[in-house]
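Reader: Before I accept the terms used for this model, I would like each one set against its definition. Shall we take them one at a time?

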Amino acid sequence: MQPRNMSMSGVVDLAAVKAAGEAKQKAEKARAEAARTGGAPAPARLVFDVDEAGFQQDVLQRSTEVPVVIDFWAEWCEPCKQLGPLLERLAGEYAGRFVLAKIDVDANQMLFQQFGVQGIPAVFAVIAGQPVPLFQGAAPEAQIRQVLDQLIQAAEQQFGIVGTAVEGDAAAGEAEQPAAPEPPASPYDTALAAAHEALDAGDLGGAVQAYRNLLSDDPANSEAKLGLAQAELLQRVQGVDAQTVRKAAADNPGDVSTQIAAADLDLVGGHVEDAFGRLVETVRKTVGEDREKARVHLLGLFDVIGGEDPRVVTARSALARVLF
């Protein structure tokens with residue numbers, strides 16, 4: 001089977017905004033450490049087994065520092081015996097730009113079900129806590145390398161995550177050298193951290209205001225724009241009866257307000273393409289103020305996901321076609 005195109009999937013995780021900010025800082029430190037030590041992770045630490053008990057720490061937490069590729073396998077699976085060693089070899093060759101977590105599906109049925117795995121071998125990744133489906137089946141090495149390169153590029157460009165962790169003997173040598181002093185946090189970093197903390201605490205009003213204050217002083221701050229868009233989305237859906245909204249949208253396909261409300265629920269539920277498609281179709285069917293209202297809201301949803309996401313790129317093209 002050919003590898004599927006990489007795409008973020010699952011519920012929109014607003015905690016990833018904070019994780020991305022922290023990851024960017026860690027990535028800068030990692031680059032400096034790699035340049036200073038010239039070290040790389042010991043191969044034994046690049047590949048490890050994961051179970052349900054250790055998933056939070058071994059995969060989710062680690063994914064804020066390095067892309068984690070997950071190999072779902074089983075002892076009875078013959079293609080797994082071909083793919084597994086190949087992935088392990090590539091983990092060594094990529095020298096810490098990603099790590100490989102191996103999950104035995106027979107012993108970890110809950111993880112198997114949570115990822116929606118249809119068959120094995122199946123390969124996923126996690127970046128900053130976000131699941132990324134990669135491919136299913138024993139794909140050719142050249143295509144696997146291409147997918148891994150795309151994964152690493154997405155981790156760096158979208159989250160600032162660069163896997164350069166040092167383990168083993170290199171880590172021991174690292175401990176002998178004094179740690180470089182951390183640069184003082186800028187006022188913008190402090191304000192951004194406060195906004196993230198408000199978001200984590202569920203203080204949506206406080207988070208929105210904090211992001212707006214930051215953007216008034218630093219309008220080009222892309223992380224603040226993303227945080228504001230996501231906090232405002234959560235505000236809009238807070239306390240909403242999803243069943244009522246979806247029924248109203250189904251009964252009134254031409255009503256812009258109900259379609260917008262349903263699109264918000266689609267996005268929060270992780271149905272990104274559905275949310276975008278719903279509003280593109282609404283723009284196509286409407287005119288005047290209604291069309292402009294739907295268009296502007298769709299642009300706001302693009303900000304929630306991020307302009308470089310391929311789903312946003314596709315939806316922008318679709319929007320352009322219906323407008324022009």
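Reader: Which residue in strand 5 is the bridge partner of F124?

Author: The partner is P133. This is a predicted model, in which local features need pLDDT of at least 70 and side-chain atom pairs count only at pLDDT 80 or more, while totals for chains, interfaces and linings use all residues. Residues are numbered from 1 along each chain as its sequence is written, and side-chain values use heavy atoms, with hydrogens and water left out.

Reader: What makes strand 4 and strand 5 a pair?

Author: Two strands pair if DSSP finds at least two bridges between them, a strand being a DSSP run of E with at least two residues and a helix a run of H or I with at least four, both numbered from the N terminus. Strand 4 and strand 5 share six bridges, in the antiparallel sense, so the requirement of at least two is met. The two form a hairpin with two residues between them, and A128 in the turn has a positive phi of about 50°.

Reader: How many bridges join strand 2 to strand 4?

Author: Five bridges join strand 2 (residues 68-73) to strand 4 (residues 122-127), and these strands also run antiparallel. Within that pairing F72 stands opposite A122, and D71 has V123 as its bridge partner.

Reader: What order do the strands take in the sheet?

Author: The order is 1-3-2-4-5, in an open sheet of five strands with mixed pairing. Strand 1 (47-49) and strand 5 (130-136) are the edge strands, since each pairs on one side only.

Reader: Why are F72 and F124 called an edge-to-face pair?

Author: Rings of Phe, Tyr and Trp (its six-membered ring) pair if their centres lie within 6.5 Å; planes under 30 degrees apart count as stacked, over 60 as edge-to-face and the rest as tilted. F72 and F124 are 5.8 Å apart centre to centre, with 85° between the planes. The distance is within 6.5 Å and the angle over 60, so the name edge-to-face applies. F72 lies in strand 2 and F124 in strand 4, so this contact of rings ties together parts that are 52 residues apart in sequence. Both rings belong to one aromatic cluster with F55 and F115.

Reader: How do you know whether F72 and F124 count as buried or exposed?

Author: Buried means under 20% relative accessible area, exposed over 50%, and partly exposed in between, with a 1.4 Å probe and protein chains only. F72 has 0% and F124 has 7%, so both count as buried.

Reader: How many residues of strand 4 are buried?

Author: Six of its six residues are buried. A122, F124 and V126 cover one side, and V123, A125 and I127 the other.

Reader: Where does S63 lie, and which residues does it touch?

Author: S63 lies in the loop between helix 3 (55-61) and strand 2. Its relative accessible area is 0%, so S63 is buried. Leaving out residues up to four places away in sequence, S63 touches V68, V126, I127, A128, G129 and I161, where contact means heavy atoms within 4.5 Å.

Reader: What lies over the face of F48?

Author: R62 does, at 4.3 Å from the ring centre. A charge sits over a ring if NZ of Lys or CZ of Arg is within 6 Å of the ring centre and within 35 degrees of the ring normal. The distance of 4.3 Å for R62 is within that 6 Å limit.
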